[in-house]
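Take a slow walk through this structure with me. We'll look at its pockets, then its surface, then a few spots worth a second glance.

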Amino acid sequence: MIQLDDLDRAILKLLKQDARLTISELADRLNRPESTIHFRIKKLIEKGVIDRYTIILGEPLKPKSVVVVYIETEIPVIEDFLEKYINHITKTLSMLPNVLAVARSGKNGIITLIGGETEEHVKKFVDDTIRTLPSLKKVEVFPFTDIVKGKDVIGFLVDV
């Protein structure tokens, strides 16, 4: 694991809040020379700590309703087909606009994060798109009622 000192963490914290800050602005806020900040950012990029600079979409583009869906598939008689089927489902889900994230969970499980304008829209999407997939053993839906930490993640994941 990469070791970060207090200055590295301070730089990252400021950039997470506003990735548009210039080296000069970072140096002023941290009371350090610009050359030090420039060097540290360069090293953080080289080490892969900073991968890219991006934006987080605001409230007008974020879904108003978000759910986590756990999908468990049946295990086929020929288990070699399971891997192909799981890959097919994850790729298919990844291409759909309401699907914000897709992850594998265990041998035959998939977890998806789904968003939409209303709870009804999300429910219809789950019923029409996910529950209709063949060979599913279980589909569980967990609605978000309040996001306590990580609200910006949704704005990062939304496709436009």
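The second largest pocket is lined by 14 residues, and Pro63, Lys64, Ser65, Val66 and Ile147 lie nearest its centre. Keep in mind as you look that this is a predicted model. The volume of this second largest pocket is about 300 Å³. Which elements supply at least two residues each to its lining? They are strand S1, running over 65–73, and helix H6. Sort the lining of the second largest pocket by class and you get 6 nonpolar, 2 polar and 6 charged residues.

Now move over to the largest pocket, with a volume of about 820 Å³. Its lining takes in 21 residues, and those nearest the centre are Leu15, Lys16, Gln17, Thr54 and Ile56. Helix H1 (6–17) and helix H6 (151–157) are the elements that give two or more residues to this lining. H6 has already turned up in the lining of the second largest pocket, where it supplies at least two residues. By class, the lining of the largest pocket holds 10 nonpolar, 3 polar and 8 charged residues.

Next, the surface. Val77, Ile78 and Phe81 make a nonpolar patch there, about 350 Å² in area. Phe81 belongs to helix H4, which covers residues 80–94. How open is Phe81 to the outside? Its relative accessibility is 46%, so Phe81 counts as partly exposed; the exposed class would need over 50%.

Stay with H4 for a moment, since the next stop starts there. Glu83 meets Arg104 in a salt bridge, at 3.0 Å from N to O. Glu83 lies in helix H4 while Arg104 lies in strand S2 (residues 99–105), so this pair ties together parts that are 21 residues apart in sequence. Both partners are partly exposed: Arg104 has a relative accessible area of 35%, and Glu83 has one of 40%.

How many salt bridges are there in total? The count comes to 14. Another of them joins Lys123 to Asp127, with the closest N and O atoms 2.7 Å apart. Here the two residues share one element: both lie in helix H5, 4 residues apart, or about one turn of the helix. Lys123 is exposed, at 53% relative accessible area, whereas Asp127 is partly exposed, at 26%. Then there's the pair Asp18 and Arg20, whose side chains meet at 3.2 Å, N to O. Asp18 is partly exposed, with a relative accessible area of 25%, but Arg20 is exposed, at 71%. Salt bridges can also join up into something bigger than a pair, and Glu72, Lys137, Lys138 and Glu140 are linked in a network of them.

Let's turn to the backbone. Most residues other than glycine have a negative phi. With that in mind, have a look at Asn31, where phi is near 55°, a positive value in a residue other than glycine. Where does Asn31 sit? You'll find it in the loop between helix H2 (23–30) and helix H3 (34–46). Asn31 is exposed, with 70% relative accessible area.

Ser135 is another case, since its phi is near 65°, again positive in a residue other than glycine. Ser135 is in a loop too, the one between helix H5 (119–130) and strand S4 (136–143). Is Ser135 exposed or only partly exposed? At 45% relative accessible area, Ser135 is partly exposed.

One last stop takes us back to H2. Ala27 is found in this helix. Is Ala27 buried or exposed? Its relative accessible area is 3%, so Ala27 is buried, the cut-off being under 20%. From Ala27, look across to His38: the two are 11 residues apart in sequence, and their C-alpha atoms are 8.9 Å apart in space.

Key: Residues are numbered from 1 along each chain as its sequence is written. This is a predicted model: local features need pLDDT of at least 70, side-chain atom pairs count only at pLDDT 80 or more; totals for chains, interfaces and linings use all residues. Side-chain values use heavy atoms; hydrogens and water are left out. Patches are made of residues with over 30% relative accessible area and no salt bridge: like charges are joined within 9 Å, nonpolar side chains (Val, Leu, Ile, Met, Phe, Trp, Tyr) within 5 Å. Accessible areas come from the Shrake-Rupley method with a 1.4 Å probe; for residues, only the protein chains shown count as cover. A salt bridge is a side-chain nitrogen of Lys or Arg within 4 Å of a carboxyl oxygen of Asp or Glu. Buried means under 20% relative accessible area, exposed over 50%, partly exposed in between (1.4 Å probe, protein chains only). On a 1 Å grid over the protein atoms alone, a cavity is a set of points where a 1.4 Å probe fits but cannot get out, and a pocket is an open set with protein on both sides within 12 Å along at least five of seven lines; lining residues have an atom within 4 Å of a point. Grid points are joined across faces, edges and corners, and a volume is the space filled by probe spheres set on the points. Ala, Val, Leu, Ile, Met, Phe, Trp, Tyr, Cys and Pro count as nonpolar, Asp, Glu, Lys and Arg as charged, and the others, Gly among them, as polar.
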